[in-house]
Structure formats: C-alpha cells, structure tokens
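Colleague: I should like to go through this model step by step. May I put some questions to you?

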Amino acid sequence: MAERCAVIGVGQTVHRSKREDVSIAGLVREAAQRALDDAGLGWRDIDAVVIGKAPDMFEGVMMPELYLAGALGAVGKPIMRVHTAGSVGGSTAIVAAHLVTSGLHQRVLTVAFEKQSDSDAMWALSVPQPFAAPLLAGAGGYFAPIIRAYIRRSGAPSHIGMEVAVKDRLHALRNPYAHLHLADISMEKVEESVMLWDPIRYLETCPSSDGAAAMVLASERAAGEAEAATGRRPAWVHGMAMRSEPTMFAGRDQVNPRAGKDCAADVYAQAGVERPRQDFDVAEVYVPFSWFEPMWLENLGFCDEGDGWKLTDEGATSMDGGDIPWNCSGGVLSSNPIGASGMLRFLEVALQVRGEAGEHQVDGVRRALGQAYGGGSQFFAMWVLAVDKP
Amino acid sequence: MADASGASGDRGPVTALATPIRLDYRFTAGTAQSRTLRGLARGKFIGQRCPVCHKVYMPSRGSCPTDGVGTDDEVELPDTGTVTTFCVVNVPFAGQTIELPYICAQILLDGANISFMGLIQEIPAAEVRMGLRVEAVWVPEDELGPTMASVRYFRPTGEPDADYETFKEYL
Amino acid sequence: MSPAPPVHRGSRPVAVVSFAQTQHVRREANRNEVELLMPVIKEVFANIGITKDDVGFICSGSTDYLVGGPFSFVAALDAVGVWPPRRESHVEMDAAWALFEAWVLLQEGEIDAALVYGFGKSSMGDLAKILALQLDPYVMAPLWPDPVSLAALQARALIDAGKASERAIAEVAARSRRSALANPKAQVADDWSVDDLMAEEYVVNPLRRHALPPLTDGAAAVVLATEERAFEWVERPAFITGIDHRVETHALGARDLTVSPSTTKAASVAGAAAGGIDVAELHAPFAHQELILREALGLPDSVDVNPSGGPLAANPIMSAGLIRIGEAAARIMAGEATRALAHATSGPLLQQNLVAVLEGT
C-alpha cells in the first residue's frame with residue numbers, strides 16, 4: 001500500500017424485506033447521502049465512485065451503474081461496478097480503497113446494495129441450468145452439506161449453531177438499521193423453528209433484505225481535513241486482501257478453505273497482526289448461516305482448527321462478556337441485502353473504530369477485522385481498520 | 001376510483017411497476033460436458049482425467065480447475081459410490097420439482113475425485129448418513145437422454161458404510 | 001533496456017506485454033465459455049513464455065445476462081486454474097474496465113504482473129432484449145427499446161446537426177471491413193464499395209446493415225506488467241502512459257447525442273491531448289459513432305483508425321473494449337506504431353467511455 005487511506009464517512013439504510021417507498025436510485029442515495037453527511041462532504045467533493053452488487057438478476061437491471069450514474073453524482077467522473085459474488089461488498093470497498101492508496105484520487109465514494117424484493121432472490125440464486133438435475137434449493141441447500149461435514153470433523157455438539165443464531169439476533173436489537181429485531185429470540189424458539197436444509201433451521205438462516213451501504217474513503221490529506229471539519233476521527237486502513245479459489249476441484253476443503261486462510265495471512269501480515277483473538281477488539285464476519293461462525297473462527301485463526309465451536313459455546317464472541325465480540329451489528333443473520341452484506345461488515349468495523357456504533361459499540365476498540373466471503377466459500381475479501389495511522 | 005370521464009381522481013401516486021421479463025437462451029454444454037451427457041444418454045457415468053494431477057472429474061468440465069489444462073482422457077465409472085455429505089431440503093422454492101422433504105447428497109462415485117449433487121431415495125431421511133454406500137437408479141431405457149436427469153436417484157446398496165477415513169478428504 | 005516512456009498519469013509505467021483473442025465467429029456452437037477462453041489464456045501466456053504463477057492478480061469482465069445465469073464469471077476461472085489461491089476480482093463490465101482495475105493495482109508495487117480477460121457469447125440469447133435491460137427500469141426498459149433503434153436516433157441527430165451524412169457513415173463501414181481483411185481474427189471482412197453499401201435497404205433509418213456491428217461470440221486476454229518484468233518478457237512493451245474513464249448521464253433525452261464529452265475528458269486526463277497519435281482503436285459499435293469519437297478525441301485525418309477493422313468487424317460483447325487496447329498495443333509491440341490511443345465504451349449510445357494512451361520506446 002503506497003498511500004494511506006481512511007474511512008471518513010459511513011451510511012446505510014434501514015434494512016427491510018421490502019423497501020417499497022424508494023426506487024433503486026432512492027435506496028442507494030439514502031445510504032450515500034448519509035455517508036457524505038457523515039464525512040462533512042457534498043456530492044461535488046467526490047472524485048470517483050465504485051459500486052458493487054450481486055447478480056443483476058436480483059433486480060432485473062443489467063449493469064445498474066449506468067442507470068445510477070446520475071443518482072450517485074458520478075456524471076463526469078469515473079464509475080466502476082464490481083461483482084465478486086457474495087464477497088462483493090467487501091471487494092468493492094477494496095477496489096475503491098486502491099483508487100486512494102494508488103494515489104489516483106483523494107475522495108472515493110463506494111456503495112453496495114441489493115433491492116432483491118424487486119425480483120425473486122431464491123430463483124435468481126438457483127436459475128435452473130439445462131442438463132443438470134434441479135436439486136439445488138438456494139444457498140442453504142449448497143452450504144448445509146458443508147456444515148454437516150464441519151460438525152462431523154470437529155465433533156461439535158448440535159446446539160452450537162443455535163447459540164450463534166441467538167447471539168447475533170440479540171446483538172441486532174442494539175442496531176437500529178438491522179432488518180431482524182427478534183426481541184423474543186431464544187434457544188427454544190430457534191430449536192422449534194422449521195428445519196429448512198437439515199441441519200440448518202429457519203431461525204439459523206439469514207433473511208432476505210433490501211438495503212444499501214456506503215462509505216467515503218479518503219487520502220491522508222483529505223482525512224485530516226475531514227477530521228478538522230467534523231470532529232469525527234478517521235478509521236485507518238491497515239491492511240486489505242482478496243483471494244479466490246476454484247469452486248470445485250479434487251481434494252478441495254470447503255469447510256476450511258485455503259483461500260480464506262491465505263487471505264487472512266496476507267491481511268494480518270500487512271497489519272502486523274499475529275494473534276487475531278488478542279490483537280482485534282471486535283470483528284464483523286460474514287455468517288449467513290449460524291454454523292459459519294465456528295467455521296470462520298477457525299479459518300481466520302482465532303483458534304486452532306476444530307476448536308471454533310468451543311469459543312462460541314463459551315460466549316467468547318458475545319458482546320455481553322465475550323473477549324472477542326463478533327457481529328455486534330447482528331451480522332448477516334440479521335440483515336442480508338446480498339450485494340451490500342460484505343460492505344456492511346467493512347462498514348460496521350469502521351463504526352466501531354470511530355466509536356460511532358452507538359448501542360452496539362464495544363468499549364475501547366483500537367483495531368478491528370472485517371471479512372466477507374462469496375460463491376462456494378471461494379471468494380474472500382478482508383480488511384483491518386485501526387484508530388492509529390498505519 | 002376512476003370516474004366515467006377517465007380522470008384518475010384520488011388513486012394516489014404510482015409506487016410500483018411490474019415488468020415481466022422473459023429471456024430465452026440457447027445453452028451450450030461444451031465439448032467436455034457433452035461427453036458426460038452422451039454417456040448419461042447411454043446409462044453410463046463418463047469422467048475425464050487431468051494429465052497433470054491425474055484426478056478424475058465427473059461431470060467433466062473441459063478444464064482441470066487447478067491446472068487450467070484440458071482433460072481429454074476419458075474414464076468410465078461404475079454406478080456405485082459413497083455419500084460424503086448431505087442435507088435434507090425442506091423449503092419450497094420457485095422451480096422446485098421434487099416433493100419435500102428430499103435428501104440432497106454429495107456423491108463420490110468409485111474412481112472419481114470429486115463428488116456431485118444427487119438425490120437419495122428408498123431410505124428414510126433420518127437414516128441417511130455420511131459414508132452411506134449408494135448406487136444409481138436410472139430412468140427406463142427409453143427415457144434416457146443427455147442430461148443428469150437420466151439418473152432418477154441413488155439408493156443404498158446395502159453394503160457396510162464406507163470408512164470415514166476413505167472419504168474425509170473429499171468433504 | 002530502453003528507457004520507459006514518461007508517465008502522464010499514475011506513478012509507475014505499466015505495459016501491455018501480451019494479447020490474445022479468439023477467432024471471432026457469429027456462433028460458437030460447440031464450446032462453452034470456459035472452452036472458448038482456455039486457448040486464449042494459454043496463448044496469452046505462451047506468447048511470452050510465462051505461466052499463471054507469474055501473475056499476481058487476475059481480473060475479468062463479463063456479464064451474467066449474456067450467459068443466462070448468475071455468477072457466470074465463476075466457471076470461467078477454470079480456464080485459468082486459480083490454484084493455489086490467487087488475488088482475483090471481476091467487474092460486470094467490458095474487460096477494458098477490468099484492465100483499469102489491474103492497472104490501478106499495479107501502480108502500488110506489491111504485484112508486478114496481471115492477467116486480464118473478457119468473454120461473452122452474444123449468440124446464446126436475444127441480445128436486443130438483453131441490452132434493453134441496461135436501461136432505466138422504470139421509464140425506459142419497459143418499452144424494450146432495441147439497441148439498433150437507439151443508435152438510429154443518434155445517427156439521425158448527427159446527420160441533422162450537419163456533422164455526418166449517410167455516405168460518410170458508409171465510408172466508415174467500408175474502410176473498417178476492408179481493413180479487417182488483414183486481420184485473421186476478424187469475423188466480417190470484405191471489400192465493398194461505398195456505392196454498394198449505400199444501395200442496401202435501411203434496417204432502421206438512417207442505419208443500413210453495414211452500419212451495424214455483427215453479433216459475435218468471442219473472448220480476449222491481455223497480460224500487463226510493470227517496467228522490469230515487461231522488458232524481461234518482451235523487447236518492445238506497449239506502455240500505458242495514461243488511462244482514464246468517465247460516464248455521462250443515463251437519461252438519453254438529457255444528453256446531446258452528437259457529442260461525447262466523457263470521451264474528451266477521459267482522453268485529456270489520459271494525456272491524449274499531447275497529440276502524436278499514430279494509431280487509434282475506437283470501440284464504436286455503430287459506424288456513425290466513429291465520427292462522434294473522432295471529433296471528441298480531436299483526431300487528425302492522419303491517424304490510422306481501427307486497422308483491426310474495429311467492432312464493425314467483430315463485436316464480442318464484454319471483450320470488444322479490451323480488444324481495442326490489445327490491438328493498439330499489438331501495433332506498438334510490432335514496431336508499427338510509436339504512440340497509440342485505445343478507446344472502450346459501455347452503456348447505451350456511448351454513455352461511458354475509457355481512453356488509454358500507449359507508447360513504445
């Protein structure tokens with residue numbers, strides 16, 4: 001990384017099953033305007049825009065950056081649209097950050113969204129391909145067998161997934177933007193909910209949300225100006241990395257993918273992180289189905305392989321008493337506008353590092369990890385933010 | 001309510017617009033997948049071996065995903081294999097054709113190095129387990145075609161379960 | 001080692017060192033996208049004797065709507081073999097923008113080479129309907145305007161503004177297809193007289209068939225490298241001395257369709273205004289658009305425009321823009337040009353434009 005880069009503004013919409021009160025342009029502007037306001041900037045101050053989202057079939061609009069150019073104040077500016085499957089919100093932020101770290105631009109607006117109520121998300125995920133048997137029943141149908149394999153490998157007791165489902169929804173009650181506010185969530189309620197793709201129950205599954213997230217990324221100079229103008233401190237990027245591996249190949253480990261481990265190793269090396277559990281104060285990690293928390297705890301090196309479920313079980317990842325709170329925002333389990341979910345992970349750690357997470361703020365956050373993944377657990381995007389300049 | 005003159009009266013603003021979109025595509029299976037599909041039309045599983053890593057892929061994809069080279073060496077595989085992992089699908093969805101609940105499993109055919117998705121039948125859902133030995137049940141001969149749907153489902157062979165050690169690297 | 005050309009934009013000189021493309025055809029009936037790409041990837045590496053392990057970043061451009069399924073870029077990774085895990089990204093845009101993303105990353109110093117590729121088969125679906133989905137979903141797309149009719153609106157505006165004639169459009173088409181005779185990869189190449197072309201029926205007035213791009217199945221790839229690597233791999237790298245892209249408003253009624261201010265601005269930021277351009281590869285899918293772009297770029301008549309034949313000779317959606325950069329670079333690497341300009345476009349009627357200036361030493 002040549003130049004320094006910081007997050008100086010963040011904005012998001014309230015995530016809901018259907019935002020029938022706004023058009024797609026209205027949805028993204030809501031988040032973008034909030035990010036600009038937070039940064040103390042106007043539309044004219046932005047040099048470039050990077051937008052990301054999941055497959056276009058979720059809204060039925062092809063290459064929406066074209067339609068959105070005006071709404072995002074991009075006329076006369078560069079705009080790019082990133083698509084890296086589920087990790088897209090994270091990789092979008094990284095592409096945007098490189099426009100700053102390369103020295104090319106001073107202030108970049110990055111936006112990610114999904115207005116998936118406009119189309120049919122489950123259909124869009126499982127568009128039947130000719131010559132194949134129509135077995136695939138959405139993302140859950142793809143991941144459930146992998147989760148089963150994790151449970152077998154680790155010997156985890158069967159209640160671990162439910163613990164994550166409860167914890168993340170309790171966290172979400174403190175996040176006014178979260179989609180699900182399940183005040184009566186409990187282990188009993190989760191266990192009673194219908195089994196969708198055994199072993200994943202309904203209440204262990206992410207919702208389908210309409211929502212958008214936006215951040216303003218700035219150079220060192222522009223970050224200094226923003227802090228002076230608004231009094232809000234920047235969240236400095238200490239590392240960012242992406243890795244991909246093929247969907248299927250002989251000998252592939254889908255439970256603990258190497259691309260995830262390599263990506264983490266890269267971003268930790270950049271940020272000088274050696275013991276993730278100790279060195280981070282908080283993390284936002286892409287957990288769309290409950291069991292991904294213990295799986296990612298292992299993949300991200302927060303514990304040894306096979307022990308992830310123990311951290312969850314002992315409450316280590318809870319805001320209430322845990323030493324390494326994960327997903328204080330409620331995570332993907334509480335809000336899932338697919339294209340935005342990755343950026344929400346990156347954005348939430350920015351809030352934590354800036355001390356602006358309100359009721360779901362962890363005290364004294366100095367350094368935080370944001371992680372997003374996509375595809376068949378094959379695309380990873382991660383960044384490390386901190387209070388101090390790198 | 002519109003009045004007789006056609007004025008919109010008090011119906012309020014337009015808040016949504018439904019645009020049906022129908023697109024037809026001509027899908028190309030590709031030369032490698034076509035070999036698998038023609039095999040299926042004859043009631044056989046045909047895989048391909050990578051010349052670099054020597055792994056056998058069924059269905060064939062034309063390229064070894066790790067080496068990026070063509071996989072032209074054909075290998076005929078038996079109808080039997082092992083369930084490496086599975087899930088029980090219980091959620092209705094658009095395009096669903098199979099009655100719920102159904103068991104969607106990853107099946108590793110004997111001799112192959114990757115598993116593929118298949119349906120398991122002729123066993124209660126609660127009894128399906130990792131390591132279950134299964135065999136393909138094909139559609140009647142006159143219904144065979146160049147499609148994975150030529151395989152109706154997989155059913156238990158009755159053999160003892162495969163040892164976890166023998167398939168754990170395929171999970 | 002010759003000195004690298006001065007950089008107009010960015011901090012490091014980055015060069016195109018290899019370029020490969022498919023034999024462009026109307027319809028590739030047997031091979032799927034992965035199989036289409038595999039020989040292109042193989043060739044782009046073999047040209048300079050490297051392998052996938054020599055590139056630190058892979059970036060592609062493609063679109064799901066051409067394929068008819070979500071996440072279509074994922075299967076294409078098999079053509080490369082992304083193992084061990086690699087830094088990789090994708091834009092749902094013409095691969096020229098994937099090249100831009102790679103160029104940005106190469107500015108920073110952590111990686112010194114990147115693979116960029118794009119692919120798309122227009123034959124699989126109804127392109128006219130598919131492209132209508134690029135338009136404003138509330139007020140335009142539901143009318144299903146097809147790209148030829150929209151292009152005809154623009155051509156009509158151009159003619160009415162006195163900036164073009166039907167004959168001038170036919171001249172662009174004749175010259176392009178004639179140039180394509182020298183391009184073994186081109187799909188449409190012929191030696192037609194302008195009079196013959198003018199005698200064709202209109203498809204949508206004022207556009208005749210010759211003014212329209214062909215439907216193409218195709219793919220292309222480029223390898224980018226920083227200075228040291230570039231000279232290790234080729235004798236005469238094509239250095240990107242400047243590159244930029246800009247977008248205009250989507251509302252067609254709010255634009256003057258006879259000009260391309262985003263092209264002018266991108267060219268200025270990319271340093272094209274300095275002049276001295278020998279060769280220009282312009283991504284003008286419709287013949288009349290070449291006239292708009294020439295004016296926007298201020299290209300003198302001495303510039304050799306679209307020696308490859310341009311998109312009128314082959315128009316593989318999602319790689320046609322990358323191919324302009326590749327073709328321009330190829331001229332430089334072959335010693336046939338010293339300074340070249342490449343242009344790529346996205347969206348309806350030149351809404352978004354990218355300009356790159358390339359130089360050899």
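Colleague: How many helices and strands does chain C have, and is chain C as compact as a globular protein of that length, or less so?
Modeller: This is a predicted model, and its chain C has 12 helices and 12 strands. The globule rule gives 21 Å for 361 residues, and the radius of gyration of chain C is close to that value, at 19 Å, so chain C is as compact as a globular protein of that length.

Colleague: What share of the residues in chain C is buried?
Modeller: A residue counts as buried if 20 or more other C-beta atoms lie within 10 Å of its own. Of the 361 residues in chain C, the share that is buried is 65%.

Colleague: Is C:Met318 buried or exposed?
Modeller: C:Met318 belongs to the loop between strand E10 (304-305) and helix H12 (320-333) of chain C. Its phi is near 85°, a positive value in a residue other than glycine. Within 10 Å there are 30 other C-beta atoms, and the cut-off is 20 or more, so C:Met318 is buried.

Colleague: Which residue in the loop between strand E11 (339-346) and strand E12 (352-359) of chain C is buried?
Modeller: The residue in question has a phi near 60°, a positive value in a residue other than glycine. Most residues other than glycine have a negative phi. With 26 C-beta neighbours inside 10 Å, the buried residue is C:Leu350.

Colleague: Where does C:Pro84 lie?
Modeller: The peptide bond from C:Trp83 to C:Pro84 is cis, with omega near 0°. The position of C:Pro84 is the loop between helix H3 (72-76) and strand E3 (88-91) of chain C.

Colleague: Which strands of chain B are the edge strands of the open sheet?
Modeller: Three strands of chain B form this sheet in the order E2-E1-E3, with antiparallel pairing. An edge strand pairs on one side only, and this holds for strand E2 (56-57) and strand E3 (73-77) of chain B.

Colleague: What angle does the direction of helix H1 of chain B make with that of E1(B)?
Modeller: Helix H1 (residues 31-41) of chain B packs on the sheet and touches E1 and E3 of chain B. The angle between the directions of H1 and E1 of chain B is about 150°.

Colleague: How many residues of chain B, by class, are on the side that touches chain C?
Modeller: The contact takes 25 residues from chain C and 21 residues from chain B. By class, the chain B side has four charged, nine polar and eight nonpolar residues.

Notes
Residues are numbered from 1 along each chain as its sequence is written. Chains are lettered from A and ligands numbered from 1 in the order in which they are written. This is a predicted model: local features need pLDDT of at least 70, side-chain atom pairs count only at pLDDT 80 or more; totals for chains, interfaces and linings use all residues. Two residues are in contact if their C-beta atoms, placed from the backbone, lie within 7 Å. Ala, Val, Leu, Ile, Met, Phe, Trp, Tyr, Cys and Pro count as nonpolar, Asp, Glu, Lys and Arg as charged, and the others, Gly among them, as polar. Helices (H or I, at least four residues) and strands (E, at least two) are DSSP runs, numbered from the N terminus. The radius of gyration is taken over C-alpha atoms; the globule rule is 2.2 Å times the number of residues to the power 0.38. A residue is buried if 20 or more other C-beta atoms lie within 10 Å of its own, exposed if 12 or fewer, and partly exposed in between; C-beta atoms are placed from the backbone. Two strands pair if DSSP finds at least two bridges between them. Axes are lines fitted to C-alpha atoms, for helices over the stretch in contact, and angles run from 0 to 180 degrees between N-to-C directions.
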